[in-house]
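Trainee: I am new to this structure and would love a guided look. Could we go through it together, one question at a time?

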Amino acid sequence: MKLRKVNPQTYELFKNNQSLGTISTYRNLFHDSCIYLKLNLIKIPTTSPFAEIRKQEQKPLQVMIESSHTKLVDFMLKNGFKCKRYCFEAEVSATDLKHLLRTNFKVVPFIATDPIYSKCCDFLYKYYKTTHE
């Protein structure tokens, strides 16, 4: 396997001159002790590129993966990553509430691809940022 840095934040993996996909890096200003990885792999490699990435980035590596990507999760665990936290995503509606809403505000349904979803995420991120600074 060959690893090539195609720009300051992206590595591309090759096997037999065929691209296996990319691994992008990013930083979190509030947790700057490590480098975060975003994997965009067409095929899971047979050998690990992570020692080389860690060497070049000079920080420990961290990744977040949806649990439904079981082959990728297995690959990461086999290559030295440890599961430190489980996160869950839920779909809920007003009928799922334990106590009825005592307001005249309308509950508006939306999905992750709706523009309002991005606005809600931005609102929650700003709250998180303010409370964690």
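Trainee: Which residue in β5 stands opposite Leu37?

Mentor: Good place to start, and keep in mind that this is a predicted model. Strand β4 covers residues 35-41, and three bridges join β4 to strand β5, residues 61-63, in a parallel run. Tyr36 has its bridge partner in Gln62 of β5. Opposite Leu37 stands Val63.

Trainee: What is the handedness of the β-α-β crossover from β4 to β5?

Mentor: Follow the chain as it leaves β4 and passes through helix α1, residues 50-57, on its way to β5. This β-α-β crossover is right-handed.

Trainee: And on β4's pairing with β3, which residue is the bridge partner of Ser24?

Mentor: Here the two strands run antiparallel: six bridges join β3, residues 18-26, to β4. In β4, the partner of Ser24 is Lys38.

Trainee: Which strands stand at the edges of the sheet?

Mentor: The sheet is open, with five strands in the order β1-β2-β3-β4-β5 and mixed pairing. Each edge strand has a single partner strand, so one of its sides is left without a neighbour in the sheet. The edges are β1 (2-7) and β5.

Trainee: By how many degrees are neighbouring strands turned against each other on average?

Mentor: This average is taken over neighbouring strands of the five-stranded sheet, ignoring direction. The value is 35°.

Trainee: How many residues apart in sequence are the parts that Glu57 and Lys5 tie together?

Mentor: The structure holds five salt bridges, and in one of them the side chains of Glu57 and Lys5 meet at 3.3 Å, N to O. Glu57 belongs to helix α1 and Lys5 to strand β1, so the pair ties together parts that are separated in sequence by 52 residues.

Trainee: Is Glu57 buried or exposed?

Mentor: The cut-off for buried is under 20% relative accessible area. Glu57 has 10% relative accessibility, so Glu57 counts as buried.

Trainee: Which residues do salt bridges that share partners join into one network?

Mentor: We have already met two of the members, Glu57 and Lys5, which meet in a salt bridge. Shared partners bring in Arg27 as well. The network is Lys5, Arg27 and Glu57.

Trainee: Which residues form the nonpolar patch on the surface?

Mentor: One of them, Phe110, lies in the loop between α2 (70-78) and α3 (115-132) and is partly exposed at 33% relative accessible area. Together the members have about 310 Å² of accessible area. They are Val108, Phe110, Ile116 and Tyr117.

Key: Residues numbered from 1 in each chain as written. Predicted model: local features only at pLDDT ≥ 70, side-chain atom pairs only at ≥ 80, totals over all residues. Heavy atoms only, no water. Patch = residues over 30% accessible without salt bridge, like charges linked within 9 Å, V, L, I, M, F, W, Y side chains within 5 Å. Areas by Shrake-Rupley, 256 points an atom, 1.4 Å probe, with all protein chains shown as cover. Salt bridge = Lys/Arg side-chain N within 4 Å of Asp/Glu carboxyl O. Helix = DSSP H or I, 4+ residues; strand = E, 2+ residues; numbered from the N terminus. Buried < 20%, exposed > 50% of the residue type's maximum accessible area, 1.4 Å probe, protein only. Pairing = 2+ DSSP bridges. Right-handed = clockwise from strand over helix to strand, strands pointing away. Axes fitted to C-alpha atoms, helices over the stretch in contact; angles between N-to-C directions.
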